[in-house]
Every structure is written in structure tokens, then in C-alpha cells.
Amino acid sequence: MQRRHFLTFAAGLPLGLQAWAAGDARSPTPAIRLNQAGYLPGAAKQAKVAGAKAGNFRLCQANGQVVWRAPLSGPSQDDYSGDLLQTADFSAWQTPGRYFLEVPELGRSWEFAIDTRVYDRAWYLTMRAYYGQRCGCEVDLGPEFAAYRHPPCHLVTAYHPSSGRSGAPHNHGGWHDAGDYGRYIVNAAVATATLLWAYELYGQRLEARKLDLPALAPQDADLPDMLREIRWNLDWMLSLQDRDGGVWHKQSSTHFCAFIMPQDDHLPSEIIGTGKPPYKSTAATADLAAVAAIAARVFRPYDTAYAAQCLDRAERAWTWAGRHPRVTFHNPPGITTGEYGDQQLADELLWAASELWRATRKRKYLQYFLAHAEPFLGTSSAQPQTRRIFPKGGQFDWRTFVPPPTGISDHTPLSWGSVGPLALWSFVLSEPASGAEDAMARRIIAQTLASADAIAARTRKNGYRVALRAQDYVWGSNGVAGNYALQLLLALRLDTMHASTPVQPGPRQQAWITAAGDQLHYLLGRNTFSLSWVTQLGEHAFRHPHHRPSVADRLPLPWPGLLSGGPNAHPGDPRARQGPPGPPARMYVDAWPAYSMNEVAINWNAPLVFLLSGLPQS
Ligand SMILES: [Zn+2]
């Protein structure tokens with residue numbers, strides 16, 4: 001009788017709530033939405049509660065003992081999801097432990113932790129996911145993830161005729177880009193740079209962290225694990241630099257393979273060029289110059305010879321890009337893998353100059369930066385730019401969407417096609433050398449801080465406390481949220497970097513920290529689906545990424561540590577178009593064919609790793 005009562009009650013509820021209502025009343029309800037990893041003791045702690053006109057909530061230890069009771073606030077409507085939400089605020093409770101929330105009318109939440117090291121596991125999984133993406137070697141995630149392994153893949157290589165070469169290159173390595181097995185310099189660059197920046201800014205916290213990587217290569221013996229993993233991709237990127245300094249755009253098969261394991265994909269992995277002289281592209285070459293310059297700085301304390309090699313490669317790439325500043329890339333005929341066809345190259349060139357100035361202090365890079373930075377300043381208007389989200393009607397490949405290059409604003413954050421913010425931030429992170437630079441640096445810092453204020457204010461007003469606007473629910477919206485968080489942490493760094501002693505954050509800085517944490521809470525479960533968007537993290541994580549190994553291995557759970565692309569108001573594939581028609585934050589399905597909503601990608605994981613690396617552990 002009781003069960004029948006539940007089923008009748010459940011019929012009027014959304015699907016997730018029905019599943020709960022039909023089950024054990026002690027099993028967690030998706031109506032209570034919180035960060036399933038948990039919260040730092042000193043941080044703001046809020047859960048969102050949907051579908052109840054409830055009065056009170058309880059905070060319970062994992063053994064069921066109630067430690068805190070308080071009224072729910074609200075309700076208020078969240079426009080982006082349509083949800084009517086109440087808030088359970090338990091910020092005042094700081095005692096470490098494992099907990100769940102209980103709302104008498106609804107049930108209990110997923111279990112979570114309060115602890116100063118609460119995000120160590122998330123960092124480990126999301127950074128180690130890059131090891132899982134390795135190409136060209138055996139991968140084995142070890143005893144904890146016993147069946148997650150594959151033998152070496154994609155060892156059959158070739159120069160595609162569009163590269164200007166023939167025969168086969170002797171290269172392998174790098175990370176599979178996303179759900180496919182291609183490797184693309186432009187996207188690899190923004191992902192690798194984001195990770196290197198995380199290490200450069202927060203290395204003290206990261207140096208001793210372990211990733212349980214396989215047996216050491218001799219040249220890796222003295223490297224921190226995070227840099228060992230980054231080097232795996234850097235070495236492949238360097239292998240795409242030609243003798244003349246130019247860099248080929250990508251290495252992939254001619255078309256996407258089926259949903260098979262990487263070792264079963266026998267299509268040759270081909271170095272692909274522009275099809276006519278000079279064959280290499282400006283975007284790939286400038287991006288490599290920037291990334292290799294960062295690498296030269298970051299690796300210098302550990303491996304001076306490698307750092308010197310990176311710097312030499314970066315400067316040769318810069319020289320090539322100076323000779324060929326306008327070579328864009330389009331997939332040559334017969335190639336249908338990811339294009340990353342950035343047509344606007346000013347931001348890539350500015351970024352390369354800025355990173356090289358910081359790495360070398362050579363005046364030529366400073367002069368280039370000062371002469372070309374102006375178009376990227378003064379774009380902090382709160383008005384979003386009109387931008388083409390996707391072509392009308394037809395098929396949409398997210399790799400063909402390129403946001404216009406922008407500077408630092410509270411909208412259109414950093415992305416693979418828009419690296420202007422990295423150029424500006426790298427410049428201000430350098431030691432200033434003259435009055436003119438000081439003036440420009442002050443403008444960049446002011447813009448960064450004002451943008452952070454706007455992002456934080458918008459986050460506070462949002463029902464789920466995420467910075468995403470309606471326009472941000474694009475392909476990879478979870479990566480957009482991650483990059484807003486990156487921006488908030490950069491503001492914190494720029495605002496405090498000249499202090500001689502550590503400063504206690506004031507209310508303004510605290511607002512940025514809280515908002516950065518809010519993006520994390522959204523990604524790890526405080527969202528309309530009550531879903532952790534990182535595989536195998538949290539009690540209720542998404543399970544069906546568009547990720548070939550996760551589908552082909554037939555294991556019950558996907559490969560760990562991968563961030564879903566997330567809701568997309570412009571569904572670009574047939575399965576996604578069968579999903580909810582709106583509102584934007586609800587336009588998501590956890591189904592592997594829905595690549596425009598549920599693919600994973602190295603450039604979306606990277607800002608999440610950055611956030612987990614840099615969020616102050618208060
Ligand atoms: Zn591979």
C-alpha cells in the first residue's frame with residue numbers, strides 16, 4: 001500500500017524525483033542539490049532545494065545524528081532552469097566530517113564532506129584524467145580502476161599530402177582531444193597552457209601531489225607528477241613543429257572512427273596541413289610559441305635543458321609566425337575530423353609575444369605587445385557581443401565555432417579560439433619595466449577586477465549561483481563556467497600579488513573566492529539535475545559521456561575524472577534534439593550519442609583543474 005502511495009505521488013514529478021519517490025525513503029533525493037564532493041570548512045555552504053514548500057532542513061552526520069537545524073529560505077524562481085528553489089544555508093557549520101542534509105518533506109541528500117582537503121580527490125581525478133587520455137602508449141589506471149586500461153594506440157602515422165611532406169613521421173604521444181582520438185594543436189595549446197598556468201601560480205600546493213603515473217622515464221625522475229603528465233602532451237606538440245619553425249595544425253585520422261577502443265582504431269594518424277605552402281598555420285604556430293614559452297619558465301627549476309629546448313622552439317615558432325601572420329586553417333578536402341579553424345589570429349600572436357616577453361625579457365616581444373594590445377583593452381562592457389552561435393539549421397561542429405577575440409570582460413571568457421585574456425594577464429604577471437608598461441598594466445588589472453566584480457554579482461543573483469547567462473549555454477557550457485572561475489581567481493592573484501606579506505581577503509576578494517567556489521558547486525552537483533558533471537566523483541555523477549573508451553570498454557562506469565560539456569541551448573546532434581526543449585539550463589541529456597551536450601574535452605577539464613588548484617583552502 002505504501003509503495004502504491006509513492007507511485008501515485010511520483011506520477012506528477014519530474015523523472016529524477018519519480019525514481020526517488022518510487023524507491024526507499026532513505027535513499028537520497030535529487031530534489032536536494034549540493035556539491036557532492038563537499039565544502040571547505042570556512043567557505044559558504046548552500047544547498048538548493050526544489051519542489052518543496054518546506055519549512056526546515058537538518059544537517060546530519062553520516063551516522064544520522066542531527067547536528068544543525070535551520071529554516072529554508074525562499075522560495076524564488078530560477079529563470080534559467082524554471083525551478084522554484086529554496087536555500088539551505090549551513091555556512092556556519094565548520095566541523096570536518098561526512099554529512100547529509102535532510103528535509104522532512106522530501107528526504108535526504110547525497111552524502112558529502114566538510115574538510116580542508118575536500119577537493120583533493122576531485123583534483124586527483126580531473127588531473128589524472130589526462131593520463132587516461134594519453135595516446136601512443138599503454139595506459140593502465142591501476143588497482144583502484146582495475147579494468148580501465150588499453151595497450152599502445154595510434155602508432156601508425158603518416159604525413160597527409162596537405163602537410164607538404166610524404167612518408168611517415170616518427171612521432172607519437174599527446175592526449176586524445178575529447179570523445180574522439182584526434183589531436184589538435186590549437187585545443188591542446190589552451191588546455192596545456194591552462195594547466196601550466198595552474199602550476200606556475202599554485203605550484204607550492206601542487207608540487208608534492210601524486211597522480212600514480214606509470215614507471216618513470218629517466219628524464220622525468222625529478223619532475224612533479226603534474227608536470228610529468230603535462231610533458232607527455234608538450235612533447236607531442238613539439239613534434240608537430242617543422243624544421244622551419246612552423247607548426248602543423250593537427251594530427252588525426254581522415255575521419256572519426258567508430259566507437260571502438262583506441263588500440264582498435266587502425267586508421268593512420270596523419271599530420272595534416274593547409275594544403276599549400278607554407279602548409280603550417282599561424283594559429284598553431286603562435287599557440288605553440290606561447291605554450292613552449294610558459295613551459296620554459298615552469299620547467300626551468302626542474303630540467304634546465306628541457307626548459308632551454310622549449311624556449312628555443314618557442315622563439316623559432318615566433319619567427320615563423322612573424323613571417324606568416326595570416327595563414328588560416330580549413331580542413332583539406334577529404335578530412336572530416338575536428339577543424340579548430342580559428343580565422344582571427346591577432347589574439348594568438350599577442351599571446352605568444354606576451355608569454356615570450358615574460359620568459360625572455362627581450363624588448364622585441366614587449367614592443368610587439370605594446371603595439372598590438374590596444375584592441376584587446378576596453379572591452380569590459382557588460383553588454384554581450386552579438387556572436388554567431390551556430391549555423392542556421394544544419395549540422396554544427398563545435399570545433400568550427402570561434403568566438404571573436406576579446407580582452408577581459410565579464411562575458412565571453414577565455415576559450416580555445418579567444419586567448420586574448422591570457423595575453424593580457426601574462427603581461428601583468430611579468431615584472432613591469434617602464435612607466436608606459438605600468439599604465440597599461442593598471443588598465444588590465446582594473447578591467448580584470450571590475451569584470452570579477454560583475455561575475456561575482458551575477459553569480460549571487462543566479463538561482464543555482466552560477467555565472468552562466470542564457471547566452472553561455474553553448475557547446476561546452478561547463479567549460480565556460482570553469483573559465484569564469486579561472487577569471488575570478490586571476491583577479492584575486494592580480495589584486496594581491498604585490499603585497500609583501502600574505503593579505504587577509506577583504507569583502508571584495510572574499511566575494512570573488514565565494515563566486516569561484518560557486519562555479520565548482522554547480523559543476524559538482526548543485527544544478528537542476530542534481531548531477532555531478534565529473535565522472536566517478538560524487539554519489540550521483542553522470543554516467544554516459546560521449547567518450548569512445550567509456551562506451552567501447554563495456555564497463556558499468558565511464559573513465560574517471562572527465563567533465564561533461566553540459567547543457568547546450570543549441571543542440572547540435574539528433575540525440576540532443578530529443579532532449580528537453582528548454583529552458584537553457586535544462587537542455588541536457590546524459591546519453592553518449594549526444595555529443596553536443598555530453599562530450600568530454602581536454603580544454604573543459606583544464607579550467608576545472610585550475611579552479612581546484614587555486615581555490616583558497618579556507
Ligand atoms: Zn591514441
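This passage describes the zinc site and one antiparallel sheet of a predicted model.

The zinc ion is bound through four side-chain atoms: SG of Cys135, SG of Cys153, ND1 of His154 and NE2 of His176. The coordination distances run from 2.0 to 2.3 Å. Angles subtended by the four donor atoms at the zinc ion fall in the range 101 to 116°, and the arrangement is therefore tetrahedral. For this assignment all angles must lie between 85 and 135 degrees. The ideal value for four tetrahedral donors is 109.5 degrees.

Along the sequence, the donor residues follow the spacing C-x17-C-H-x21-H. Within this set, Cys135 and His154 are 19 residues apart and link distant parts of the chain. Cys135 lies in the loop between α3 (120–132) and β11 (139–140), while His154 lies in the loop between β12 (149–150) and β13 (157–159). Cys135 has a relative accessible area of 1% and is therefore buried. His154, with a relative accessible area of 8%, is also buried, because the cut-off for a buried residue is under 20%.

An open sheet is formed by four strands, arranged in the order β1-β3-β7-β6 with antiparallel pairing. The edge positions are taken by β1 (32–33) and β6 (73–77). Each of these two strands has a single partner, so one side of each has no neighbour in the sheet. Strands of a sheet pair through backbone hydrogen bonds. The partner of β1 in the strand order is β3 (residues 46–50), and the two pair in the antiparallel sense over two bridges. In β3, Lys48 is the bridge partner of Arg33.

Note on methods. Residues numbered from 1 in each chain as written. Predicted model: local features only at pLDDT ≥ 70, side-chain atom pairs only at ≥ 80, totals over all residues. Heavy atoms only, no water. Donors = N, O, S within 2.8 Å, 3.2 Å for Na, K, Ca; no water. Tetrahedral: all angles 85-135°; square planar, octahedral: opposite > 155°, others 65-115°. Buried < 20%, exposed > 50% of the residue type's maximum accessible area, 1.4 Å probe, protein only. Pairing = 2+ DSSP bridges.
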